[in-house]
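Me: I have a chain open on my screen and would like to talk it through with you. Could we take it question by question?

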Amino acid sequence: MTAALEMPRVQECVVAACAYNHTNDCHAFAITIGSMDHAHCHTFIEMPAIRAGADGQKAQVGACKRADCRHNEQLECQAPAIRVGPDADMADCMTYTRR
């Protein structure tokens, strides 16, 4: 298991409508990535008028459910950092790469 200090950070999030996004930084404590068909950010909450999370905090990848990603080892992300960007209706991990 990856120690909390070794969890990959969300380097950048460009999904402006997310409540955790403050000037392209994610301020959730940790995010969850993945579903059966996409590398969605499941922590994404579309509330543009509300800013959530703690100031000065940068999100980590807490879990990744995309077992087919080359960065995934036992449902934990092993990438040094990830980027989150827009998808048609949600936010996706742009670092996701199929094995």
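Me: Happy to start in the loops. Where is Q74 found?
Reply: Good place to begin, and please keep in mind that this is a predicted model. Q74 has a relative accessible area of 71%, so it counts as exposed. As for its place in the chain, Q74 is found in the loop between β6 and β7 (76–77).

Me: What is the phi of Q74, roughly?
Reply: Most residues other than glycine have a negative phi. Q74 is not a glycine, and yet its phi is positive, at about 55°.

Me: Let's move to T23. Is T23 buried or exposed?
Reply: T23 sits in the loop between β2 and β3, and it too is a residue other than glycine with a positive phi, near 50°. Exposed means over 50% relative accessible area. T23 has 73%, so the word for it is exposed.

Me: How confident is the predictor, and what is the mean pLDDT of the chain?
Reply: Among the elements, strand β2 (residues 21–22) has the lowest mean pLDDT, 92, while β4 has the highest, 97. Across the chain, 95% of the residues reach 70 or more, and the mean pLDDT is 91.

Me: Now the charged pairs. How many salt bridges does the count come to?
Reply: A pair counts when a side-chain nitrogen of Lys or Arg is within 4 Å of a carboxyl oxygen of Asp or Glu. By that rule, the count comes to four.

Me: E12 and R83 are one such pair. How many residues apart in sequence are the parts they tie together?
Reply: The closest N and O atoms of E12 and R83 are 2.7 Å apart, which makes a salt bridge. E12 lies in strand β1 (residues 9–13) and R83 in strand β8 (residues 81–86), so the pair ties together parts of the chain whose separation in sequence is 71 residues.

Me: Are E12 and R83 buried, exposed or something in between?
Reply: Partly exposed covers the range between under 20% and over 50% relative accessible area. E12 has 25%, and R83 has 35%. Each value falls in that range, so E12 and R83 are partly exposed.

Me: Which residue forms a salt bridge with D25?
Reply: D25 lies in strand β3 (residues 25–26), and its partner is in the loop between β4 and β5, so the pair ties together parts 33 residues apart in sequence. That partner is partly exposed, at 36% relative accessibility. The side chains meet at 3.2 Å, N to O, and the partner of D25 is K58.

Me: And R98: which residues share a salt-bridge network with R98?
Reply: R98 forms a salt bridge with D68, with the closest N and O atoms 2.8 Å apart. The two are 30 residues apart, R98 in the segment after β9 (91–93) and D68 in the loop between β5 and β6 (72–73). Salt bridges that share partners join R98 into one network with D68 and R66.

Me: Back to the loop between β4 and β5. Is A39 buried or exposed?
Reply: A39 is in that loop, and its contacts beyond four places in sequence include I33, R66, C93 and Y96. The C-alpha atoms of A39 and V84 are separated by 9.6 Å, although the two are 45 residues apart along the chain. With a relative accessibility of 5%, A39 counts as buried.

Me: What is the relative accessible area of H40?
Reply: H40 also has its place in the loop between β4 and β5. Leaving out residues up to four places away in sequence, H40 touches T32, I33, G34, S35, D87, D89, M90, A91 and D92. H40 is buried, and its relative accessible area is 10%.

Me: I45 is in that loop as well. Which residues form a nonpolar surface patch with I45?
Reply: I45 counts as partly exposed, at 36% relative accessibility. The patch has about 230 Å² of accessible area together, and the residues that form it with I45 are M47 and I50.

Me: Last one: which residues does UniProt list for "domain: DUF1540"?
Reply: The entry is unreviewed and gives two spans. In the model, residues 13–44 are 0% helix and 28% strand, and residues 64–96 are 0% helix and 42% strand. The spans listed by UniProt are residues 13–44 and 64–96.

Terms used
Residues are numbered from 1 along each chain as its sequence is written. This is a predicted model: local features need pLDDT of at least 70, side-chain atom pairs count only at pLDDT 80 or more; totals for chains, interfaces and linings use all residues. Side-chain values use heavy atoms; hydrogens and water are left out. Patches are made of residues with over 30% relative accessible area and no salt bridge: like charges are joined within 9 Å, nonpolar side chains (Val, Leu, Ile, Met, Phe, Trp, Tyr) within 5 Å. Accessible areas come from the Shrake-Rupley method with a 1.4 Å probe; for residues, only the protein chains shown count as cover. Helices (H or I, at least four residues) and strands (E, at least two) are DSSP runs, numbered from the N terminus. Buried means under 20% relative accessible area, exposed over 50%, partly exposed in between (1.4 Å probe, protein chains only). Contact means heavy atoms within 4.5 Å. UniProt positions are given in the numbering used here, feature names are shortened, and annotations may be inferred rather than shown by experiment. pLDDT is the predictor's confidence in each residue, from 0 to 100.
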